[in-house]
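The following exercises invite the reader to examine helix packing and internal space in a predicted model. Each task is followed by a solution in steps.

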Amino acid sequence: MTEQEAILKAKEIYNKDELFIILSKVNADLAFGISIPFIGLVDNKKILFIFDEYEKAKHFAKAHHMELQKKVYPIAKIEKKAVGTSLKAIIDIALCLGICHMEYNSMATDVFGVNLAWFLKVNSLKHESASVIVPTEMINEIKEGKGINMRFNPMKILKFNDPYEITETRKNEILRLVFDAGDTVGDYRNTYNKLSLIECLLLLDNITTRFIPQAKMENQIDHLQYFMEVEPILQEVVWNKTINEKELFTAIDPETNDTLIRKQSVYIFITDKYEKNGKFKYKKIESGTEGIKKLLRDTDAEQIVVTDGPRYLGIIPRDKVIELL
């Protein structure tokens with residue numbers, strides 16, 4: 001390829017309405033379906049990987065064993081006008097991080113390697129201060145004088161689907177079942193049994209941490225009594241669904257390597273999907289009642305908290321668990 005052909009190619013790439021970029025598998029947030037651009041290392045060069053077609057990006061990701069979940073790969077779409085994640089913004093941040101190269105359509109017949117500074121120059125662009133989207137917790141760190149850790153802005157993983165996510169519309173439908181699940185205890189139990197475990201955790205979490213405290217605060221005795229009658233029904237349903245899960249996990253205290261106890265609670269995670277989003281390592285426990293019996297024998301926890309991790313907490317008192325065993 002001649003220099004003039006390379007310049008025309010660089011301009012063609014920059015002027016595309018959409019491109020695709022490989023994201024980091026290691027840094028992928030599987031609770032929110034986001035990650036940051038992946039940086040490869042070839043011949044001691046740090047490299048971004050950009051593609052003009054999703055299928056080309058997927059071929060690269062598959063070849064490098066980067067599958068996140070079934071048929072989902074760490075790939076994001078680059079849109080020209082997106083704040084903080086346009087191609088120009090990504091390049092500005094990359095140069096600040098000491099990343100100087102980009103490979104376009106890697107592993108394809110039209111592969112094109114390019115120096116990022118040169119790419120900006122031929123497109124009549126200047127390297128500018130990077131536009132970094134700062135989350136609230138980082139703002140608080142800055143206020144404390146800790147400064148900013150330079151990093152790429154997160155991007156949405158294409159075709160990502162979180163099986164534990166509940167839409168707002170569905171949440172509202174489920175929450176109505178707190179008040180209208182039938183006429184008898186049996187009706188309520190049957191209604192809740194038809195829900196998924198994560199949906200039951202949503203209900204139990206709201207009953208325990210929202211509806212009961214609010215009724216107490218407002219001295220609504222009738223409402224309080226009602227909610228306290230619904231709560232054990234949900235605890236029983238959550239328990240029965242939990243012990244039928246194929247895989248269960250608990251958290252490990254990093255200092256002692258023992259089962260983690262927090263606020264007199266021992267945790268049972270129904271998935272390890274979000275382990276790296278939290279602060280603790282997970283340990284697989286025996287499914288069914290035996291694993292939970294062992295947790296109770298090994299700890300003095302006053303309650304078991306069944307959770308997916310980032311969202312809902314289904315709190316079941318120790319006495320209730322023993323009753324249900």
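**Exercise 1.** Determine the handedness with which α8 passes α9, and then describe the residues of this contact.

*Solution.* Step 1. The crossing of α8 past α9 is left-handed. Step 2. On the α8 side, the contact includes Leu197, Cys200, Leu201, Leu204, Ile207 and Phe211. On the α9 side, the participants include Leu224, Phe227, Met228, Val230, Leu234 and Val238. Step 3. Sorted by class, the residues of the contact of α8 with α9 comprise 16 nonpolar, 4 polar and 3 charged.

**Exercise 2.** Establish how the axes of helix α8 and α9 are oriented relative to each other.

*Solution.* Step 1. Helix α8 spans residues 197-217, and its axis comes within 9 Å of that of α9. Step 2. The two axes cross at roughly 155°. Step 3. Angles over 145 degrees count as roughly antiparallel; therefore α8 is roughly antiparallel to α9.

**Exercise 3.** Carry out the corresponding analysis for helix α7 and helix α9.

*Solution.* Step 1. Helix α7 covers residues 185-193 and helix α9 covers residues 221-243; their axes come within 10 Å and cross at roughly 45°. Step 2. This angle makes α7 oblique to α9. Step 3. The crossing of α7 past α9 is right-handed. Step 4. From α7, the residues Val185, Tyr188, Arg189, Tyr192 and Asn193 meet a set in α9 that includes Tyr226, Val230, Ile233 and Lys241. Step 5. The residues of the contact of α7 with α9 fall into 8 nonpolar, 1 polar and 3 charged.

**Exercise 4.** State how many cavities of 30 Å³ or more a search of the whole structure finds, and characterise the lining of the largest cavity.

*Solution.* Step 1. The search yields 1 cavity of 30 Å³ or more. Step 2. The largest cavity holds about 60 Å³ of space. Step 3. Its lining consists of Tyr14, Lys16, Asp17, Glu18, Leu19, Ile78, Glu79, Lys80 and Leu87. Step 4. At least two lining residues come from each of β1 (18-22) and β5 (75-79). Step 5. By class, the lining has 4 nonpolar, no polar and 5 charged residues.

Definitions and conventions:
Residues are numbered from 1 along each chain as its sequence is written. This is a predicted model: local features need pLDDT of at least 70, side-chain atom pairs count only at pLDDT 80 or more; totals for chains, interfaces and linings use all residues. Side-chain values use heavy atoms; hydrogens and water are left out. On a 1 Å grid over the protein atoms alone, a cavity is a set of points where a 1.4 Å probe fits but cannot get out, and a pocket is an open set with protein on both sides within 12 Å along at least five of seven lines; lining residues have an atom within 4 Å of a point. Grid points are joined across faces, edges and corners, and a volume is the space filled by probe spheres set on the points. Helices (H or I, at least four residues) and strands (E, at least two) are DSSP runs, numbered from the N terminus. Ala, Val, Leu, Ile, Met, Phe, Trp, Tyr, Cys and Pro count as nonpolar, Asp, Glu, Lys and Arg as charged, and the others, Gly among them, as polar. Axes are lines fitted to C-alpha atoms, for helices over the stretch in contact, and angles run from 0 to 180 degrees between N-to-C directions. Angles under 35 degrees count as roughly parallel, over 145 as roughly antiparallel, 65 to 115 as roughly perpendicular and the rest as oblique. A crossing is left-handed if the near helix is turned anticlockwise from the far one by less than a right angle, and right-handed if clockwise. Contact means heavy atoms within 4.5 Å.
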